[in-house]
Amino acid sequence: MSTASSRRTLTTSQRKNPPMCQHQPPCPTADSADREAARLAAHHPEQGWSLLCNGVVLFEDTGELLPDGQVIAPHRPVRIVTAA
């Protein structure tokens with residue numbers, strides 16, 4: 001048996017998206033603007049990430065990884081300090 005034919009890598013278009021959440025009201029989809037409002041499916045603060053039920057991975061630096069592989073850069077709010 002050839003190892004090349006027995007080992008296949010799934011491309012992004014072949015990966016299955018996670019099933020939509022079963023609770024009501026349903027969470028926002030991964031491509032909606034309010035995707036971060038989805039419920040937690042897994043939370044690993046010791047590793048710095050959380051998985052939402054819409055398939056989005058949130059990182060503690062506020063970056064995101066969407067189910068289709070798209071990366072959202074960290075978007076922490078900018079704090080403006082003024083001199084008193």
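**View 1. Trp 49 and its partners across the strands.** Trp 49 stands opposite Phe 59 in β3. In this predicted model, Trp 49 of β2 is also the bridge partner of His 44. Let us follow the ladders on either side of β2. Towards β3 there are three bridges, and the two strands run antiparallel. Towards β1 the pairing is again in the antiparallel sense, over four bridges. Which residues make up the uncovered face of β2? Trp 49 and Leu 51 do, while Ser 50 and Leu 52 form the covered face.

**View 2. The whole sheet, strand by strand.** Stepping back, we find one helix and five strands in the chain, following the pattern α-β-β-β-β-β along the sequence. The five strands form an open sheet in the order β1-β2-β3-β4-β5, with antiparallel pairing. β1 (40-44) and β5 (71-72) stand at its edges with a single partner strand each, so one side of each is left without a neighbour in the sheet.

**View 3. Two hairpins, each with a glycine to look for.** The hairpin of β1 and β2 has four residues between the strands, and here Gly 48 takes a positive phi near 85°. Four residues also lie between the strands in the hairpin of β2 and β3, where Gly 55 has a positive phi near 95°.

**View 4. A closer look at Gly 55.** This glycine lies in the loop between β2 (49-52) and β3 (57-59). Is Gly 55 buried or exposed? With a relative accessible area of 11%, Gly 55 is buried, because the cut-off for that term is under 20%. Look also for Leu 66: Gly 55 and Leu 66 are eleven residues apart in sequence, and their C-alpha atoms are 6.8 Å apart in space.

**View 5. The largest nonpolar core.** Ten residues make up this core. Among them are three cysteines to pick out, Cys 21, Cys 27 and Cys 53. Ala 30 and Ala 38 belong to the core as well, together with Leu 52, Val 56, Leu 58, Leu 66 and Ile 72. Leu 52 is a residue we have already met, on the covered face of β2. What does Ile 72 touch, leaving aside its neighbours within four places in sequence? Ile 72 is in contact with Arg 35, Gly 63, Glu 64 and Leu 66.

**View 6. The β4 and β5 pair.** Strand β4 (residues 64-65) is joined to β5 by two bridges, and the two run antiparallel. Within this pair, Leu 65 stands opposite Val 71 of β5.

**View 7. A nonpolar patch on the surface.** Leu 65 and Val 71 join Phe 59 in a nonpolar surface patch of about 260 Å². Phe 59 lies in strand β3 and is partly exposed, with a relative accessible area of 35%. Here we come back to the start of our tour, with Phe 59 opposite Trp 49.

**View 8. The chain as a whole.** To close, here are some overall values. Of the 84 residues of the chain, 25% count as buried. The accessible surface comes to about 6,800 Å², and carbon and sulfur atoms account for 56% of that surface. Among contacts between residues at least 6 apart in sequence, 21% join residues at least 24 apart.

Definitions and conventions:
Residues are numbered from 1 along each chain as its sequence is written. This is a predicted model: local features need pLDDT of at least 70, side-chain atom pairs count only at pLDDT 80 or more; totals for chains, interfaces and linings use all residues. Side-chain values use heavy atoms; hydrogens and water are left out. Two strands pair if DSSP finds at least two bridges between them. Buried means under 20% relative accessible area, exposed over 50%, partly exposed in between (1.4 Å probe, protein chains only). A nonpolar core is a set of buried Ala, Val, Leu, Ile, Met, Phe, Trp, Tyr and Cys residues joined through side-chain atoms within 4.5 Å. Contact means heavy atoms within 4.5 Å. Patches are made of residues with over 30% relative accessible area and no salt bridge: like charges are joined within 9 Å, nonpolar side chains (Val, Leu, Ile, Met, Phe, Trp, Tyr) within 5 Å. Accessible areas come from the Shrake-Rupley method with a 1.4 Å probe; for residues, only the protein chains shown count as cover. A salt bridge is a side-chain nitrogen of Lys or Arg within 4 Å of a carboxyl oxygen of Asp or Glu.
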